[in-house]
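Morning, everyone. I will put one structure on the screen and go through its cysteines, its core and a couple of side chains.

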Amino acid sequence: MASPHDRSRKDDEDDPVEQMISRTGCAELHYAVQECMAEHQDWRACQSQVQTFKDCMMNFQKAQKEQLRQQQLPSTKSTAS
């Protein structure tokens, strides 16, 4: 029987934040920010990584909004008729 204290799985395996970031396609950039911050211990030294990650997330959000808008257009047209 496995011990309830067995922590052999990856720590981020069930992390909802990690899962969310993975779905955006920006995970590698997120990891680059984390690595930079771990190395420098100062977020100000990681501004290029932070900006690149931010741009990726903004592009993802923009695409999501556009996709939602496209999905809503047909329903708007059918109710207007």
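Start with Cys 26: at 0% relative accessibility, this residue counts as buried. Buried means under 20% relative accessible area, exposed means over 50%, and partly exposed is in between, with a 1.4 Å probe and protein chains only.

Before going on, a word on the source. This is a predicted model, where local features need pLDDT of at least 70 and side-chain atom pairs count only at pLDDT 80 or more, while totals for chains, interfaces and linings use all residues. Residues are numbered from 1 along each chain as its sequence is written, and side-chain values use heavy atoms, with hydrogens and water left out.

Now the overall layout. The protein chain has three helices and zero strands, and from the N terminus on the order is α-α-α. Helices (H or I, at least four residues) and strands (E, at least two) are DSSP runs, numbered from the N terminus. Of the 81 residues in the chain, 15% are buried. The accessible surface comes to about 6900 Å², and carbon and sulfur atoms hold 53% of that. Those areas come from the Shrake-Rupley method with a 1.4 Å probe, and for residues only the protein chains shown count as cover.

Next, the disulfides. How many does the structure hold? There are two, a disulfide being a pair of cysteine sulfur atoms within 2.5 Å. With bonded cysteines counted along the chain, the pattern is 1-4, 2-3.

One disulfide joins Cys 26 to Cys 56, S to S 1.9 Å. This pair links distant parts of the chain, 30 residues apart: Cys 26 sits in the loop between α1 (16-24) and α2 (27-40), and Cys 56 in helix α3, residues 47-80. Why is this disulfide called left-handed? Because the torsion about the S-S bond of Cys 26 and Cys 56 is about -90 degrees. Leaving aside neighbours within four places in sequence, Cys 56 is in contact with Gly 25, Cys 26 and Leu 29, where contact means heavy atoms within 4.5 Å.

The other pair is Cys 36 and Cys 46, S to S 2.1 Å. Cys 36 lies in helix α2 and Cys 46 in the loop between α2 and α3, so the disulfide ties together parts that are 10 residues apart in sequence. The torsion about this S-S bond is about -95 degrees, so this disulfide is left-handed. Cys 36 is buried, with a relative accessible area of 7%, and Cys 46 is buried at 0%.

On to the core. A nonpolar core is a set of buried Ala, Val, Leu, Ile, Met, Phe, Trp, Tyr and Cys residues joined through side-chain atoms within 4.5 Å. The largest one has seven residues: Ile 21, Cys 26, Ala 27, Val 33, Phe 53, Cys 56 and Met 57. The elements giving two or more residues to this core are α2 and α3, and α3 gives the most, with three.

Last, two polar residues. Is Glu 18, in helix α1, buried or exposed? Glu 18 is buried, because its relative accessible area is 11%. Its side chain makes a polar contact with the side chain of Tyr 31, at 2.9 Å. A polar contact is a pair of N or O atoms within 3.5 Å; within protein, one must be able to donate a hydrogen and the other to accept it, and residues adjacent in sequence count only if both atoms are side-chain atoms.

Gln 47 lies in helix α3 and is partly exposed, with a relative accessible area of 37%. Gln 47 and Val 33 are 14 residues apart in sequence and 8.7 Å apart in space, C-alpha to C-alpha.
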